[in-house]
Amino acid sequence: MPFSKNFRRAIGAALSLSAALCAVPLAAQAQGAWPDKPVTIVVPFPAGGSTDMVARAMAQHMGDKLGQNFVVDNRPGATGTIGAGFVKRAAPDGYTLLVSSLGAFVVTPHLQKNVPYDATKDFDYITVPVQAPNVLVANVAQKARTLPEVIALLKAQPGKVSFASSGNGSSDHLAAEVFWQQTGTQGLHIPYKGGAPAVNDLLGNQVDFSFQNVNAVLPHIRAGKLHAIAVTGSKRSPVLPDVPTLAEAGVVSAEVYSWQGMAAPKGLPAAVKDKLAAAAIASMKDPAVRKRMEEQGLEIVASTPAEFTAFQAREWARWKQLIEARKITAD
């Protein structure tokens, strides 16, 4: 005898409910099993730099902790936006991550048109593992050795005293712009394609000053090849305890930190995000990793996802305002 329409509907509904009930634990199991295959950490810069070093330290520790390979994939180009755009387009499953410096997250989108992502909407922010202040350094031929002397030189020769940077919109460039803004002065910005050539010309007395990342010039300062004048942090750097902060030397509201951040494509499952964040934060709190970072002048932050999300919003607004006020361009 043929089944009635109501009976068939009842059977269909029961089967649908059964399938839905089965799918919930399966999805939970899939999330709980993360990671069950290798995880890729995209670094949008060449190997060998500070961001690459931080990413590899995290990858090693997280892999050991979670029992899976974390592989660093360097995808340089377009000041970090190529690698960041690649991660934005990846599946939000925890298997493709981004570790970048602040540029891709809060600076470059204000300088370039057609950036292939929206940094305020396209990422889940996981943690800021480390930060480092910049340090104002002078070449050894430069007679100005204190901050008041540098300011006096700038006022005596407006727009003529050279400041090297690793490129337009880099943290060393932005630090100089903040410094000039807060002191009512103006130097001559000399952008290079990367930190290494900028430091090389500084060492060769081809440029006068630079706000370089502490870790990038620490060996040269210790060797007496560069003179450290002031750091841009809120407190003195442990690796340069005798160098005052800008605020101590009389220049306030000019704090600038270079920092790295870990992010993932927007939409991570909550369980994966929690597990990922816990492992990432733990990697920076490991005593051996902490020691290695601090010896190079990096400061451990290890922020939570909520803290990084709020921090990214503040940094986004700050650098947008400065870039517009100072009319900074990518060219």
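pLDDT is the predictor's confidence in each residue, from 0 to 100. That is a handy place to start, since what you have in front of you is a predicted model. The mean pLDDT of this protein is 91, and 90% of its residues reach 70 or more.

One stretch deserves some care as you browse. Over residues 21-31 pLDDT stays under 50, and the model has three contacts there beyond four places in sequence. Where pLDDT is low, the predicted coordinates should not be read in detail.

Now step back to the whole chain. Its C-alpha trace spans about 105 × 40 × 30 Å along the principal axes, and the secondary structure comes to 11 helices and 11 strands. Of the 331 residues, 50% are buried, where buried means under 20% relative accessible area. How much of the contact set with a separation of 6 or more joins residues 24 or more positions apart? Such pairs account for 78% of those contacts.

Turning to the outside, the accessible surface of the protein is about 15200 Å², and carbon and sulfur atoms hold 56% of that area. As for charge, there are 32 positive and 25 negative side chains, with the centres of the two sets lying 6 Å apart.

Finally, let us zoom in on helix H10, which covers residues 287-295. What caps its N-terminal end? Asp 286 does, placing a side-chain oxygen 3.1 Å from the backbone nitrogen of Ala 288. Past the other end of the helix, H10 is followed by Gly 297, which has a positive phi, near 90°.

Note on methods. Residues are numbered from 1 along each chain as its sequence is written. This is a predicted model: local features need pLDDT of at least 70, side-chain atom pairs count only at pLDDT 80 or more; totals for chains, interfaces and linings use all residues. Side-chain values use heavy atoms; hydrogens and water are left out. A polar contact is a pair of N or O atoms within 3.5 Å; within protein, one must be able to donate a hydrogen and the other to accept it, and residues adjacent in sequence count only if both atoms are side-chain atoms. Helices (H or I, at least four residues) and strands (E, at least two) are DSSP runs, numbered from the N terminus. Contact means heavy atoms within 4.5 Å. Buried means under 20% relative accessible area, exposed over 50%, partly exposed in between (1.4 Å probe, protein chains only). Accessible areas come from the Shrake-Rupley method with a 1.4 Å probe; for residues, only the protein chains shown count as cover. Lys and Arg count as positive and Asp and Glu as negative; His and the chain ends are not counted. The place of a charge is taken as NZ of Lys, CZ of Arg, CG of Asp or CD of Glu.
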